[in-house]
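Here is an informal walk through one chain, going from a single loop residue out to the sheet and the ligand site. Keep the viewer open while you read.

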Amino acid sequence: MTTSATEAARFWDGHHAAHLTDGEPRPNVRLAEVAARLIPGRALALGSGPGGDALWPARRGWHVTAADISAVALAHLARRARALGLGGRITGARHDLSATFPAGSFDLVSAHYLHTSFPLPRDAVLRQAAQALSPGGRLLVVEHGSVAPWSWHQDPAAVPALAAPPLDPARWTVERADALPRRATGPGGRTAEVVDHLLLIRRTR
Ligand SMILES: C[S@@+](CC[C@H](N)C(=O)[O-])C[C@H]1O[C@@H](n2cnc3c(N)ncnc32)[C@H](O)[C@@H]1O
């Protein structure tokens, strides 16, 4: 790994080690909405963290590859998956997505809050994600459209604009590009209205 990638991995390992809990990590609410109407197949969760976005689909019959730069997050996910009897449905894959991307083709690729203060070529990663879709597969991207008051990163300028990566319209179609309000719960049960940016892209062939 490059120096920057090593620093990024160290940062995210420290972040996850400080925030891991024994409770079941929740899935992204948009993932639950979108994936509930899909037939389970092969899923890839990019920047999966400790695993709500991998465990939820695995419980519903998906075979999930969980990719993250953090060995701490992936080890926690593996322990939890085994404890829930889902070890056979979840494969952890350590990747610095700015350098490598998981092999295979997928019916659903998700990237939720794949925000980092280290270099990450977002468009290139999302293009690879779109290319990794099987025909008919979907890419769900959810990003912060506003900064929650308790966020570790309080720079509103760091909230990226919602934009689909450049893709051939003959092979991919943007099904949804929405800005959606959500009541979020932060540390200590504090709540606030936040905005999610959602992008749903389908590979047509
Ligand atoms: C803001 S967290 C979001 C975690 C999870 N998707 C969620 O919605 O709760 C960003 C995640 O991306 C991972 N990450 C950051 N940079 C990465 C990189 N270059 N390659 C792969 N994963 C990365 C972090 O370890 C972390 O799990």
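Tyr 113 counts as partly exposed, because it has 14 C-beta neighbours inside 10 Å, and a residue is called buried only from 20 upwards and exposed at 12 or fewer. Keep in mind that this is a predicted model. Tyr 113 sits in the loop between strand 4 and helix 5. Its backbone is a bit of an oddity too: phi is positive, about 50°, although Tyr 113 is not a glycine.

Now step back into strand 4, residues 106-112. How many of its residues are buried? The count is 7 of 7, so strand 4 is mostly covered. Strand 4 has a partner in strand 1 (residues 42-46), with 4 bridges and a parallel run. In that pairing, Leu 44 is matched with Val 109 of strand 4. Strand 4 also pairs with strand 5 (residues 133-144), again in the parallel sense, this time over 6 bridges. There, Ala 111 has Val 141 of strand 5 as its bridge partner. To get from strand 4 to strand 5, the chain passes through helix 5 (residues 122-131), and this β-α-β crossover is right-handed.

Going the other way from strand 1, you reach strand 2. The two pair in the parallel sense over 5 bridges, and Leu 44 turns up once more, here with Thr 65 of strand 2 as its bridge partner. The chain crosses from strand 1 through helix 3 to strand 2, and that β-α-β crossover is right-handed. Strand 2 is largely enclosed by the rest of the structure, because 5 of its 6 residues are buried. On to strand 3: 5 bridges join it to strand 2, and the two run parallel. Thr 65 is matched with Thr 91 of strand 3. Strand 2, helix 4 and strand 3 make up a right-handed β-α-β unit.

The pairings covered so far, side by side:

| Strands | Direction | Bridges | Example pair |
|---|---|---|---|
| Strand 1 and strand 2 | parallel | 5 bridges | Leu 44 and Thr 65 |
| Strand 1 and strand 4 | parallel | 4 bridges | Leu 44 and Val 109 |
| Strand 2 and strand 3 | parallel | 5 bridges | Thr 65 and Thr 91 |
| Strand 4 and strand 5 | parallel | 6 bridges | Ala 111 and Val 141 |

Helix 3 deserves its own look. Why is helix 3 (residues 52-59) described as largely enclosed by the rest of the structure? Because 6 of its 8 residues are buried. The buried ones are Asp 53, Ala 54, Leu 55, Trp 56, Pro 57 and Ala 58. They pack against quite a list of elements: helix 2 (29-35), strand 1, strand 2 (63-68), helix 4 (71-83), strand 3 (90-94) and strand 4. After helix 3 comes Gly 61, with a positive phi near 105°.

What about the ligand? The shell around it holds 21 residues, and Trp 12, Gly 47, Gly 49, Ile 69 and Leu 97 come nearest. By class, that shell has 8 nonpolar, 10 polar and 3 charged residues.

One of the residues named there, Trp 12, also gives a handy yardstick for His 197. The two are 185 residues apart along the chain, and their C-alpha atoms are separated by 23 Å. His 197 belongs to strand 7 (residues 191-203). Is His 197 buried or exposed? It is buried, because 20 other C-beta atoms lie within 10 Å, and 20 is where the buried class begins. Leaving out residues up to four places away in sequence, His 197 touches Glu 143, Gly 145, Leu 162 and Ala 179.

Finally, the whole chain. Its secondary structure comes to 5 helices and 7 strands, in the order α-α-β-α-β-α-β-β-α-β-β-β along the sequence. The C-alpha trace spans about 45 × 40 × 35 Å along its principal axes. A compact globule of 205 residues would have a radius of gyration near 17 Å, so the 16 Å of this chain agrees with that. Of the 205 residues, 36% count as buried. Among contacts with a separation of 6 or more, 68% come from residues 24 or more positions apart.

Conventions. Residues numbered from 1 in each chain as written. Predicted model: local features only at pLDDT ≥ 70, side-chain atom pairs only at ≥ 80, totals over all residues. Rg over C-alpha atoms; globule rule 2.2 N^0.38 Å. Contact = placed C-beta atoms within 7 Å. Near = placed C-beta within 6 Å. Nonpolar A, V, L, I, M, F, W, Y, C, P; charged D, E, K, R; others polar. Pairing = 2+ DSSP bridges. Right-handed = clockwise from strand over helix to strand, strands pointing away.
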